[in-house]
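Subject: Structure handover

Hi,

Here is the structure you were due to take over. Please open it first, then read the notes below.

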Amino acid sequence: MNTSKVTFVRIYLTEAEAKLDALIKRLHDWEHVRGVTVFRGISGFGPSGVMHSAGIMDLSLNLPVVVEFFDAPDKIGMILEHLQGMMEPGHIVSWEAILVLDNSTKTPQ
Amino acid sequence: MNTSKVTFVRIYLTEAEAKLDALIKRLHDWEHVRGVTVFRGISGFGPSGVMHSAGIMDLSLNLPVVVEFFDAPDKIGMILEHLQGMMEPGHIVSWEAILVLDNSTKTPQ
Amino acid sequence: MNTSKVTFVRIYLTEAEAKLDALIKRLHDWEHVRGVTVFRGISGFGPSGVMHSAGIMDLSLNLPVVVEFFDAPDKIGMILEHLQGMMEPGHIVSWEAILVLDNSTKTPQ
């Protein structure tokens, strides 16, 4: 199994934040990250302690959103430096992971 | 880049479990965790092997739900001790991660 | 706290790919993995750079889907070997994590 080290990133926003579109556009057009997936939570709270929840009656609510991506550690390090001006502190989490590249039988990891 | 070590946690439940609300309330009111996000899956199965899936006709189905949060490792250690009485074994997963705190140029990690 | 090492896996697909059902069936019927959760993203892009997004008018869009599971490292290693023929390279990410097993007071980790 041929694998490669990657850094995995999750960034926490809410739907109402205009910066979501700017962030996706930046990751797509400028940073050329391998791929990005955006997930909407059904409820949550951040450091303010205010709950954001989806009830039947409030579909337009300001729900939590997570932007997830991964790429080579050096590239992610640069991207995180670039993103710091755009994001509030304490909303970006990252960790090391392994990407399965193909089914050749090269040395793992 | 100023960063800090955190422990990241994901807890697996289903919507039908009354303990979801109790868990969120506990994390919010008692544990004062930095933030929590709840995601609903579109399908899944647990150790019982029974599939839970969302079809067009069964919006009220018992879908999988994940409660995600992170905080300082010591604080998470204590929270996990507290939660064990509330949760079934084998439904809490955690790993070490890095939180990007701000854009000052202090020593990384 | 009694814990055990696990390998955590996330596999990135899109809804339109027929392989989603085959993957879930394989993980359920053949690999007998501890549990699987499937999440639908609200937007995203992969190595092709093409955006997949959910608007109000296009509920049938080809959205990103993530299949998430975890189990003992040896078992996951075998499962990943099996899955490589089914998946495109670069769509499987994994990392090491800790599973909280029960509230007995055995040696942690």
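A cavity here is a set of grid points where a 1.4 Å probe fits but cannot get out. The model is predicted. By that rule, the count comes to one cavity of 30 Å³ or more.

**The cavity**

The volume of the largest cavity is about 40 Å³. Which residues line the largest cavity? R10 and F39 do, from each of three chains: R10(A) and F39(A), R10(B) and F39(B), R10(C) and F39(C). By class, that lining has three nonpolar residues and three charged ones. It has no polar residues.

**The symmetry**

Chain C superposes on chain B after a rotation of 120 degrees. The shift along the axis is 0.0 Å, and the RMSD is 0.0 Å. That is the relation of a three-fold axis. Which residue of chain C comes closest to the rotation axis? F39(C) does, with its C-alpha at 4.7 Å. F39(C) is also one of the residues that line the largest cavity.

Next, the interfaces. Only 15% of the interface residues of chain C are also interface residues in chain B, so the copies meet through different surfaces.

**The helix pair in chain A**

Two packed helices are described by the angle between their axes and the distance between the axes. In chain A, the pair is α1 (residues 19-30) and α2 (residues 73-83). Their axes come within 12 Å and cross at roughly 145 degrees. The crossing of α1(A) and α2(A) is right-handed. On the α1(A) side, the contact uses L23(A), R26(A) and L27(A). These meet I79(A), H82(A) and L83(A) in α2(A). By class, this contact has four nonpolar residues, one polar and one charged.

**The helix pair in chain B**

In chain B, helix α1 covers residues 19-30 and helix α2 covers residues 73-83. The axes of α1(B) and α2(B) come within 12 Å, crossing at roughly 145 degrees. Is the crossing of α1(B) and α2(B) left-handed or right-handed? It is right-handed. From α2(B), I79(B), H82(B) and L83(B) take part in the contact. Their partners in α1(B) are L23(B), R26(B) and L27(B). The classes in the contact of α1(B) with α2(B) are four nonpolar, one polar and one charged.

**Where to look**

Start at the largest cavity, with R10 and F39 of chains A, B and C in view. Then go to the contact between α1(A) and α2(A), at L23(A) and I79(A) among others.

Best wishes

How values were computed: Residues numbered from 1 in each chain as written. Chains lettered and ligands numbered in written order. Predicted model: local features only at pLDDT ≥ 70, side-chain atom pairs only at ≥ 80, totals over all residues. Heavy atoms only, no water. Axes fitted to C-alpha atoms, helices over the stretch in contact; angles between N-to-C directions. Helix = DSSP H or I, 4+ residues; strand = E, 2+ residues; numbered from the N terminus. Left-handed = near helix turned anticlockwise from the far one by under 90°. Contact = heavy atoms within 4.5 Å. Nonpolar A, V, L, I, M, F, W, Y, C, P; charged D, E, K, R; others polar. 1 Å grid on protein atoms, 1.4 Å probe; cavity = no way out; pocket = protein on both sides within 12 Å on 5 of 7 lines; lining within 4 Å. Points joined across faces, edges and corners; volume = space filled by probe spheres on them. Least-squares fit on C-alpha atoms with pLDDT ≥ 70 in both.
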